[in-house]
Amino acid sequence: MEQGLEVALTDLQSSWNNVRHHTEEISSDRLLVRRGQAFNITLYFRKRGFQPGLDNIIFVAETGPLPDLSNGTRALFSLAGHHGPSPWIASLETNGASSLEVSLCAPPTAAVGRYLLKVHIDCFQKSVTAYQLGEFILLFNPWCPGDSVYLDSEPQRQEYVVNDYGFIYQGNKNWIRPCPWNYGQFEENIIDICLELLDKSLNFQIDPATDCALRGSPIYISRVVCAMINSNDDNGVLNGNWSESYLDGINPAEWTGSVAILKQWHATGCQPVRYGQCWVFAAIMCTVMRCLGIPTRVITNFDSGHDTDGNLIIDEYYDSTGRILENKKKDTVWNFHVWNECWMARKDLPPGYGGWQVLDATPQETSNGLYCCGPASVRAIKEGEVDLNYDTAFAFSMVNADCMSWLVYGGKEQKIHRDTNTVGNFISTKSIQSDERDDVTENYKYIEGSPQERLVFMRALQKLKARRSEGPHKADSQHSTPVPLNGDSPRSLHMPSLRPSDIVQVSLKFQLLDPPNMGQDIRFVLLALNMSLQFKDLKVNLSAQSLLHDGSPLPPFWQDTAFITLSPEEAKTHSCRIPYSQYSQYLSTDKLIRISALGEEKNSPEKILVDKIITLAYPGIMINVLGAAIVNQPLSIQVLFSNPLSEHVADCVLTVEGSGLFKKQQRVLIGVLKPQHRASITLETVPFKSGQRQIQANLRSNKFKDIKGYRNVYVDLRL
C-alpha cells in the first residue's frame with residue numbers, strides 16, 4: 001500500500017528571499033516578502049517524495065483574526081496549477097527524492113500584514129493532511145509594476161523606501177536649517193511595531209475583518225497610519241504639545257530619530273509618547289510607511305497657512321505697536337510646517353492625479369471624524385481641484401491661502417493689506433541620494449502672482465463656495481470632474497482688491513547687521529524710504545516678541561518708537577539693538593523672534609506694516625569617525641560640542657544614535673558646562689550593518705534643547 005506524503009520540515013529560505021525582496025535589512029531569519037513577486041520555499045518529506053498526479057498540494061495563506069476567502073484575507077491555491085478561488089500562485093521549481101522546492105506569489109493587490117502559511121496534502125484523493133509551514137510578513141512592493149505603489153525609478157526607490165536617515169528642514173524661509181533624523185525603518189522590532197500600530201487603530205478595533213481586508217489599499221493604509229501617529233482619537237504614537245511646557249515628557253526639539261519613540265510606545269503598552277510637533281509626527285509616519293513599503297518623503301512648507309474656516313484667507317491682527325495679536329479664529333501662518341508625501345496610484349480619482357499624495361499626521365482638523373489629513377493629490381492641489389478626496393481643500397490652503405492684515409484699535413478693525421504671496425514658500429525635501437535640499441514648490445503651485453496662479457486660486461475658492469452651499473463634508477465623500485483652467489471667471493467672484501488702492505509712497509524694511517547667533521545681542525536697522533516728491537513725517541512703533549513655530553505669539557519683550565522725517569526721495573535708517581539679557585528669558589524653544597514696525601504718516605490714515613522673523617542659531621555639534629568603519633569591528637566616534645552662552649548651563653545631556661551603528665540610542669550625562677566651554681567625548685560602538693550610514697547627535701541643557709550635529713559614515717562589509 002502506498003504511503004501518504006508527510007511534511008517533516010519546511011525551509012522558508014528567509015535569507016535568500018529577503019535579499020530578492022529588498023527586506024534583508026529588516027531580518028535574515030524571518031520571511032518578509034513583497035506582494036506581486038515570487039518567493040521560494042522548500043518542503044522536506046519523511047518517507048517518500050512528491051508524486052505529481054498522485055499527490056495534490058494546496059497552499060493556504062491567512063491574515064487577520066477572521067480570515068475569509070470572500071474578502072481576500074484567506075487564500076487557497078494549488079500546486080497543480082488549477083485555477084483556484086484565489087489569485088495567489090504556486091508553481092513547481094524542483095522535485096527531489098524527498099524534497100520539493102516551490103515558488104509562491106501573492107497578487108500585487110493582496111492585503112499586507114502578517115500571514116500564516118499552511119499546506120493541505122491530498123494523497124490519492126483518499127485523505128487530507130494539514131500542516132502549518134510558518135509565518136511570513138507581506139509588504140507593499142514599489143518594485144512591482146502591478147502594485148499601486150510602483151515607482152519606476154531605482155534611485156527614488158532607494159531614497160524613499162530603503163534609505164533609513166534623512167533631513168527635516170526647519171527654521172524660516174530666510175534661514176533654512178537641515179535637521180538630521182534617524183528614520184530607522186529596518187531596525188529590530190520596528191516592522192512588528194508598525195503592524196501593531198495597524199491593529200491598535202479604531203478601524204481594527206471596531207471591525208477587524210473589514211480592516212484587514214482593506215489593507216491592500218495604500219489609500220486606506222495611509223489614512224489609518226496618519227490617524228494613528230497622533231493620539232487625539234486613540235492610543236496613537238505621539239501626544240502633540242505646543243504649550244512650551246514639557247516637564248512630564250520630552251521637548252519635541254530634542255528627538256533625533258523615530259526608533260526610540262516607536263519602541264517607547266510599544267514598551268509602555270501603546271501609551272502615547274510625550275511629546276511631538278509637526279516634524280516629529282511626519283518623521284514617525286515616514287518610518288512606518290517606508291517600513292510597510294510605501295515610498296514616502298518628508299516635506300517642509302515655510303510660511304504654512306492654517307485656515308480654520310475654509311475661506312482661503314488667513315486673518316492676522318496687529319495692535320498699534322505692530323505686535324501680532326492672538327487670533328480668535330485660530331487662523332495662523334506657521335513659520336514652517338512639516339507633512340509627508342506618499343507615492344501611490346489614485347484610481348478613485350480622475351486620471352492624472354496619482355503620484356505624490358499629501359498626508360499630514362499633525363492633528364489640526366478632523367477628516368471624516370478623525371484627526372488625519374489626506375491622501376490629497378499634489379497635482380490636485382496645484383490645479384485647485386479642492387473637491388477631490390481627501391482633504392485637498394485644507395492642503396491647498398496650507399500652500400496658497402491669502403493673508404489679510406488687520407489693525408485693531410479702539411474696538412475697531414482696519415484692513416491694512418492683503419498679501420497673496422506670503423503663504424507657501426520654499427517647499428523643501430531631501431534630494432535623492434544627496435544631502436542637498438530639493439525645492440518642490442513648483443509641484444504645489446504656479447509662480448506666485450502669475451495669472452495662472454490667481455486663476456487656480458479663484459477656481460479653488462469657487463469650488464469651496466459651492467461646497468458650502470451644498471453642505472459640509474461633501475468633498476470627503478465624493479469628487480467631481482476637474483474644471484478646465486480656462487473656464488474660470490474670476491471677476492464673478494466679487495473678490496476684494498488684492499493690492500492697496502493707493503500708490504505706496506513710503507516703504508519700511510528691516511536689515512540685520514550681524515548674523516543672529518544665540519547669546520549675542522541682535523543688531524538691526526529699520527530702513528525708511530520716501531518714494532514721493534513730498535516731505536514725510538513718520539511715527540514708527542517697533543516691537544519684538546517670541547513666536548512659536550505654529551505662529552502663536554508670545555507677549556512682546558522689547559518696544560521702541562522712532563520719529564523719522566524724510567525729504568523727497570530720501571532714505572534714512574533707524575538703528576536698533578536688543579540685548580541678549582533682554583530676550584533670553586522670553587525665548588521659546590523654537591528660538592523665533594518677530595520684530596515688527598507699524599508706521600503712520602502725519603495727517604494721513606495710511607498705515608505701513610513691516611515685520612521680520614529671526615531664527616537664532618547655535619553652533620553645531622562636530623562628529624569625527626576615528627578610523628575605518630567595518631561591520632562587526634570596534635569603532636571610535638569623537639563628539640565635540642560647546643556651550644555657546646556666556647553663562648553656566650546645567651542638566652546637559654548628549655544623545656547619539658544611528659541605524660546600523662548603535663543598537664540603541666546613547667545617552668551621556670554631561671552635567672554643567674561653563675560659559676563658552678568646549679568639550680569632547682569618545683564613544684565606542686560596533687557597526688552591525690554595512691553601507692551608507694548616518695550618526696545623529698543632540699545636546700540639551702536647562703538653557704537650550706536642540707544643538708544638533710550629524711556625520712555620514714560608510715561602513716565596509718570586511719577589511
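The second largest cavity of this predicted model is lined by Glu 159, Tyr 160, Tyr 165, Gly 166, Phe 167, Tyr 183, Arg 290, Arg 297, Val 298, Thr 429 and Lys 430. A cavity here is a set of points, on a 1 Å grid over the protein atoms alone, where a 1.4 Å probe fits but cannot get out, and lining residues have an atom within 4 Å of a point. About 70 Å³ of space lies inside, volume being the space filled by probe spheres set on the points, with grid points joined across faces, edges and corners. Strand 10 gives the most to this lining, at 3 residues. Helix 2 (154–162), strand 14 (296–306) and strand 21 (425–430) are also on the list of elements that each supply at least two. Helices (H or I, at least four residues) and strands (E, at least two) are DSSP runs, numbered from the N terminus. By residue class, the lining of the second largest cavity comes out as 5 nonpolar, 2 polar and 4 charged; Ala, Val, Leu, Ile, Met, Phe, Trp, Tyr, Cys and Pro count as nonpolar, Asp, Glu, Lys and Arg as charged, and the others, Gly among them, as polar.

On to the rest of the empty space. Searching the whole structure turns up 3 cavities of 30 Å³ or more. The largest has a volume of about 170 Å³. Its lining takes in 19 residues, and Gln 170, Thr 589, Asp 590, Lys 591 and Asp 706 lie nearest the centre. Strand 10 (165–172) and strand 11 (175–182) are the elements that give two or more residues to this lining. The split for the largest cavity is 7 nonpolar, 6 polar and 6 charged. At least three lining residues come from each of domain 2 (165–444) and domain 3 (506–615), with domain bounds taken from an automatic or database domain assignment.

Lys 591 is worth a second look for its backbone. This residue has a positive phi of about 60° although it is not a glycine, and it sits in the loop between helix 13 (580–583) and strand 28 (592–601). Most residues other than glycine have a negative phi, and most peptide bonds are trans. Two cis bonds can be named as well: one joins Arg 274 and Tyr 275, with omega about 5°, and another runs from Asn 389 to Tyr 390, with omega near -5°. Tyr 275 belongs to strand 13 (residues 273–276), whereas Tyr 390 is in the loop between helix 9 (378–383) and helix 10.

Helix 10 (residues 392–400) also pairs up with helix 12 (residues 451–470): their axes come within 12 Å and cross at roughly 145°. Axes are lines fitted to C-alpha atoms, for helices over the stretch in contact, and angles run from 0 to 180 degrees between N-to-C directions. The crossing is left-handed, meaning that the near helix is turned anticlockwise from the far one by less than a right angle, while clockwise would make it right-handed. Ala 393, Phe 396 and Asn 400 of helix 10 meet Glu 453, Val 456, Phe 457, Ala 460, Leu 464 and Arg 467 of helix 12, contact meaning heavy atoms within 4.5 Å. That contact divides into 6 nonpolar, 1 polar and 2 charged residues.

For helix 6 (residues 218–229) and helix 8 (residues 278–292), the axes come within 10 Å and cross at roughly 145°, this time in a right-handed crossing. Helix 6 brings Ile 221, Ser 222, Val 225, Cys 226 and Ile 229, and helix 8 brings Phe 281, Ile 284, Met 285, Val 288, Met 289 and Leu 292. The tally is 10 nonpolar, 1 polar and no charged.

At the level of the whole chain, the assignment gives domain 1 (7–139), domain 2 (165–444), domain 3 (506–615) and domain 4 (622–715). The centres of domain 2 and domain 4, taken over C-alpha atoms, are 29 Å apart. Their contact takes 18 residues from domain 2 and 21 from domain 4.

Residues are numbered from 1 along each chain as its sequence is written, and side-chain values use heavy atoms, with hydrogens and water left out. As the model is predicted, local features need pLDDT of at least 70 and side-chain atom pairs count only at pLDDT 80 or more, whereas totals for chains, interfaces and linings use all residues.

Notes. 1 Å grid on protein atoms, 1.4 Å probe; cavity = no way out; pocket = protein on both sides within 12 Å on 5 of 7 lines; lining within 4 Å.
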